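The following exercises are to be worked through with the sequence and the coordinates at hand. Each task is followed by a solution in steps.

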Amino acid sequence: MPALPIRRRWFSWCLAGAMGLSTGAQAVVTSPDVSTNDDRIMKQALDAARDRRWDDIDQAAIQDHVLAGYVEYHRLRARLSTASAAEVNDFIVRHGDSPLADWMRGAAQTRFGQLGRFDDLLAINDGEPSATIRQCYYYTALLDRDPAEAAAGGEKLWHVGASQPEACDTLFSTLQQRGVLTDEDTWERMMLAWENGQDGLVTYLERGLDDSWQRAIDSFDSVRGNYAGVTRVPLDLGPDGEASGALIAAAMHGLTRADTEASLEAWRKIAPHVSLSEERRHQIEHDLAFYSMVRDVDNNQGWVDTTLPRLADADLIELRIRNAVTEGNWPNVARWSEALPPDVRAEAHWQYWLGRASEAMGDEAKARQAYQLAAQDRSFFGFAAADRLGQPYQLQMANTQVSTLQQELTGMLPVVKRTEALMRIGEEGLARSEWYTAAARDTPDQAEALADYAIRQGWFGMAIQTTIAAKQWDALPWRFPAAYRDSFIKWGELNQVDPYLLMGIARRESAFNPQATSPVGARGLMQLMPGTADHVARNLGISAPSTSELFEPQINIRLGSTYIHSMLERYRGNRIAATAAYNAGPQRVDRWLTSAPREFDRFVESIPFRETRDYVQAVLAYRVIFESLAKQGDTQGVAMLSQAERQGNYDPTLIARN
């Protein structure tokens, strides 16, 4: 394939980097040759700066180091109480191509807000901050400078069903004094807190209401212990008679979750009479439809089918289609597929089911048309549609060739120099932050150069995240690199597991980041829980791995491939069931197989956990991509599923052993 053209903008960007300039043409001092000793001194200085041991830093020795800005960041942050807004802005401008700029702005916004230095806070600001604490200070700073914007921001921060940080106290109290936040706002927040189970906040807010609210409070107390009492809530609560809507909406929220069938009965009684905003009415009916379908409440189904077209929510119609697929009700699958918004209906997922429904109802021409549209997509259902048509898969792969000159210029960029230096001193988290900041801000051609560079350096996780930040969805060699391929092949062969399946699992689990840790404690490339790893190790007759060892690719892949092998044995080699079990656990999959549709596609669609449903589809589609890339993008002869997986029965007979 021919090399991509060198765009003028990209070339200028690279030349700026080669000359040590940021994208804002601010000078950045870099050292062309950084020795091991320089890195050691820099690492010591950075550690000392974090601990504020300023006397331990040899400033002269690090001033020309590419990472000197990190020590400067800690110095300035330590003295933000006395630093001027001009100093902060100067730092932000000089480090504008680094995450240091945003970190400094955020730290300064918080400190200036704490000190009440609101002029300085606004001087360093660049719009509404993202963090709640900084938003509180930002809108407090605007109270006397832009009262209207402060009021709008304060109301947004107020109307949440959880406690807000103390940083909001001045903002809220001032808006209350000005009459912006009224007792009605307090009541509405109280109802949101009740919905959210925040009893402490409910009590706190209730104390702020005067005696004129006692009748509303009494009604709340009666419904609080009995959601069904929503039908007896007076419609004229509150001093102005407008508090009933918030109470009814909150009570319906609870009743729908506690007893969905009773909730619909209650709603039918009160809906014609209660005065509610369109937003609240929509939310009540959305919840009713959702829980009616999720819980398969037969008596509610007629109301659901009547209401869905009026609600016009794609997520509810998608759920209705999934239920119809599970039931095997093909006329309803077709009916609700046609009811989807056009942009959603065009997705491969729903075109596939329209094709299946049309085929089942004998409309071969319509089925083929739907399958052809779906088969253009690079996804589980796109590949399944191609199988229905008997044609090769479409990868839609973009050209990822980068010229030698582009590669050389990219290596000279300040962000690359900083990333490499951070890698050398063991600061991989900071290195990733540098890289992702650049990828998210850069133009597509710049991001392409970064993704290519990351691949060539073996920074596979960073390359993948670069394509995500830059939305390079078709750059398959960068999105699906042959990371740790030799290890996957080795342990795949030893454990009799398809190495491309292993790569698909690792790609989905960790995006090939060997240091990945999940919120629940899963670790490494294949995201093994320590307990699972210990169990697998015992079965292998080896020592249980330490926490740090789970981050070693060889150990992680060995244990992960052994575990997925056991799942494949459990389900007679069926990769759909085994992959689902890898994500959700075999006990759940065993239960699903007792009542699931027997066909593979309907089984996948019927998986009740969205995470697992998406996981299975992603892993098996990724597996196709990895095998195809190993053949230089040729999908001829590549099959997502075996004949047994396509035609077998998804029922308890699939379970070989418990």
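**Exercise 1.** Leaving aside its neighbours within four places in sequence, with which residues is F512 in contact?

*Solution.* The model is a predicted one. Contact requires heavy atoms within 4.5 Å. Applying this to F512 gives F460, G461, I464, P481, A483, Y484 and F488, together with M503, A506, R507, L525 and F626. The next step is to place F512 in its wider setting: along with W187 and W267, F512 is among the residues with the most contacts inside the largest nonpolar core, which has 186 residues. Helix α37 provides the largest share of this core, 11 residues. A second, separate core has 11 residues, including V416, L450, A454 and A463.

**Exercise 2.** Locate the disulfide and determine which parts of the chain it ties together.

*Solution.* A search of the whole structure yields 1 disulfide. Its partners are C136 and C168, with an S to S distance of 1.8 Å, which satisfies the cut-off of 2.5 Å. The angle about the S-S bond is -50°, and the link is left-handed. C136 belongs to helix α8 (residues 132–141), whereas C168 sits in the loop between α9 (147–158) and α10 (169–177), so the bond ties together parts 32 residues apart in sequence. Finally, both C136 and C168 are buried.

**Exercise 3.** Is L340 buried or exposed, and which residues does L340 touch?

*Solution.* First, assign the position: L340 is in the loop between α19 (330–339) and α20 (342–345). Second, compare accessibility with the cut-off: buried means under 20% relative accessible area, and L340, at 2%, is therefore buried. Third, list the contacts, not counting residues up to four places away in sequence: L340 touches A314, I317, E318, I321, R345 and W350. A distance along the chain can also be compared with one in space: the C-alpha atoms of L340 and A312 are separated by 8.0 Å, although the two residues are 28 apart along the chain.

**Exercise 4.** Which residues lie nearest the centre of the largest pocket, and what is the make-up of its lining?

*Solution.* The volume of the largest pocket is about 1400 Å³. Of its 42 lining residues, R322, E605, R613, D614 and Q617 lie nearest the centre. Sorting the lining by residue class gives 21 nonpolar, 7 polar and 14 charged. Among the helices that each supply at least two lining residues are α16 (278–294), α18 (314–327), α36 (600–606) and α37 (610–630). Helix α37 thus appears in two solutions, as a contributor to this lining and to the largest nonpolar core.

Note on methods. Residues are numbered from 1 along each chain as its sequence is written. This is a predicted model: local features need pLDDT of at least 70, side-chain atom pairs count only at pLDDT 80 or more; totals for chains, interfaces and linings use all residues. Side-chain values use heavy atoms; hydrogens and water are left out. Helices (H or I, at least four residues) and strands (E, at least two) are DSSP runs, numbered from the N terminus. Buried means under 20% relative accessible area, exposed over 50%, partly exposed in between (1.4 Å probe, protein chains only). On a 1 Å grid over the protein atoms alone, a cavity is a set of points where a 1.4 Å probe fits but cannot get out, and a pocket is an open set with protein on both sides within 12 Å along at least five of seven lines; lining residues have an atom within 4 Å of a point. Grid points are joined across faces, edges and corners, and a volume is the space filled by probe spheres set on the points. Ala, Val, Leu, Ile, Met, Phe, Trp, Tyr, Cys and Pro count as nonpolar, Asp, Glu, Lys and Arg as charged, and the others, Gly among them, as polar. A nonpolar core is a set of buried Ala, Val, Leu, Ile, Met, Phe, Trp, Tyr and Cys residues joined through side-chain atoms within 4.5 Å.
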